[in-house]
Amino acid sequence: MLLHRAFVNTYALRTDIGLLLIDPGLLRGAASVYRAVREWSTAPLHTALYTHGHVDHAFGLGSFLEAGERPHIIAQENCIGRFRRYLLTQGLNTHVNRRQFGNPSYVFPDQVTWPTLTFRDTLTQRFGDLEVQYHAAKGETDDHCYLWIPEHSYLFTGDLVIWASPNCGNPQKVQRYPVEWAEALEAMAGLGAEWLFPGHGYVVRGREAVRDVLTDTARYLRVIIDQVLARMNMGQTPEAIFHAVEPDPELSTRPYLQARYDHPKFIVRNLLRQWGGWWNGNPAELLPATWEAQAKEIATLAGGVASVVARGRALLDRGDAVLASHLAEWATRAEPADRGAQALKRDVYARRMDNTQSFMAQGIFRAAMNEARAALGEEAINPSAALSL
Ligand SMILES: [Zn+2]
């Protein structure tokens with residue numbers, strides 16, 4: 001087997017009748033994947049599998065197709081609907097990913113490589129004597145699947161395992177499925193796999209290690225799910241639930257469950273959205289005044305924007321960047337041309353970026369910081385291209 005790593009893990013497996021390629025990868029990684037595979041094997045590409053239709057997994061087949069290869073392309077059937085949505089919302093996804101990855105020149109693909117064969121629940125494919133099982137599993141997406149190859153005891157999880165806490169609450173993207181995710185992890189743990197090949201991060205070897213990664217991740221999700229569900233059933237408001245629910249402190253220390261990408265609080269929001277409506281529990285915000293009108297009212301009450309800015313500075317200086325960010329929003333929305341207000345906003349979000357390890361939270365804070373920098377005539381600060389799509 002070949003592992004090609006470029007942000008995403010792409011795997012190629014030799015079989016008696018040709019190659020199985022798992023997750024062709026990124027559009028911009030296509031030539032690199034093709035070169036790596038073709039230096040390693042000249043066997044025909046028999047099948048490509050999308051573990052799900054995300055842009056870092058299902059967009060890297062181009063060089064194989066241009067070379068005249070015609071593999072079966074297998075995906076769970078919801079991948080079709082996902083790709084249709086991508087074509088409808090290409091502009092939106094460009095903006096979202098620019099913000100999430102801090103890459104102002106990123107453009108979301110406007111073309112897709114459609115699957116040639118889809119399945120709903122399970123599919124078994126034989127490559128000569130080798131049996132490959134595909135299992136549908138909602139989780140990060142509605143079109144996920146994992147692969148199980150009993151003969152080798154190989155389990156390919158896609159992004160159901162990513163060496164970070166589950167990407168299960170992304171604030172800018174569509175619904176994720178924490179309950180089904182936990183169920184899929186528990187089903188995979190029951191396979192007794194010797195090898196776990198994740199969508200991102202390290203390969204795991206050894207039955208116990210594989211089982212621990214899978215069951216710990218399932219428990220991490222269930223601890224959040226159970227708290228949210230109990231509180232929703234008690235009739236608590238979404239805001240109260242958001243502030244009350246915390247992840248398991250011990251599981252949160254596992255190297256494969258660090259909240260380096262998503263954030264556990266975003267999982268809470270995602271569950272509230274899945275089981276409830278969009279109203280946040282505050283009646284004033286049901287049919288609200290604009291943020292600008294609210295901000296002007298607060299600034300007037302405070303005796304002017306300068307007072308709001310001064311208070312925000314004081315809060316930031318004593319380490320309360322969370323509360324200070326609300327004052328920065330009021331100040332800049334009440335008086336967008338006020339340089340003190342924009343400087344407060346810039347400094348507040350720079351601090352908030354430092355205060356979180358969640359890459360997704362950092363992306364949104366960075367975009368806010370850069371809005372303020374633009375208002376002040378300063379250059380944007382973006383990360384190096386290393387992690388950008
Ligand atoms: Zn991924």
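Q: In this predicted model, what makes up the lining of the second largest pocket, sorted into nonpolar, polar and charged residues?
A: The split is 16 nonpolar, 10 polar and 9 charged. Tyr and Phe count as nonpolar and Asp as charged, so the residues closest to the pocket's centre come from more than one group: Phe-7, Asp-56, Phe-101, His-200 and Tyr-261 are the ones, out of 35 lining residues.

Q: Which helix gives the largest share of that lining?
A: Helix 4 does, with 6 residues. Helix 3 (78-88) and helix 4 (90-101) are the elements that give two or more residues to the second largest pocket, whose volume is about 770 Å³.

Q: How does the lining of the largest pocket divide?
A: Here you get 21 nonpolar, 15 polar and 12 charged residues. That pocket has a volume of about 2,400 Å³ and is lined by 48 residues, with Glu-239, Phe-242, Arg-269, Trp-291 and His-326 nearest its centre.

Q: Which helix gives the most to the lining of the largest pocket?
A: That's helix 11, with 7 residues. Other helices that each supply at least two include helix 7 (238-244), helix 12 (339-355) and helix 13.

Q: Why does Gln-362 count as buried?
A: Its relative accessibility is 19%, and buried means under 20%, so Gln-362 falls on the buried side of the cut-off. Gln-362 lies in helix 13 (residues 359-375). Leaving out residues up to four places away in sequence, Gln-362 touches Met-353, Thr-356 and Gln-357.

Q: Why is strand 5 described as largely enclosed by the rest of the structure?
A: Count its residues: 4 of the 5 in strand 5 (residues 72-76) are buried, so the description fits.

Q: How do you know that strand 5 pairs with strand 4 and with strand 6?
A: Two strands pair if there are at least two bridges between them. Strand 4 (residues 45-49) and strand 5 have 3 bridges, in the parallel sense, and 3 bridges also join strand 5 to strand 6 (residues 117-119), again parallel. The cut-off is at least two bridges, so both count as pairs. For examples, Ala-48 has Ile-73 of strand 5 as its bridge partner, and Ile-74 stands opposite Leu-117 in strand 6.

Q: What makes strand 1 and strand 6 the edge strands?
A: Each of them pairs on one side only. They belong to an open sheet of 6 strands in the order 1-2-3-4-5-6, with mixed pairing.

Notes:
Residues are numbered from 1 along each chain as its sequence is written. This is a predicted model: local features need pLDDT of at least 70, side-chain atom pairs count only at pLDDT 80 or more; totals for chains, interfaces and linings use all residues. Side-chain values use heavy atoms; hydrogens and water are left out. Buried means under 20% relative accessible area, exposed over 50%, partly exposed in between (1.4 Å probe, protein chains only). Contact means heavy atoms within 4.5 Å. On a 1 Å grid over the protein atoms alone, a cavity is a set of points where a 1.4 Å probe fits but cannot get out, and a pocket is an open set with protein on both sides within 12 Å along at least five of seven lines; lining residues have an atom within 4 Å of a point. Grid points are joined across faces, edges and corners, and a volume is the space filled by probe spheres set on the points.
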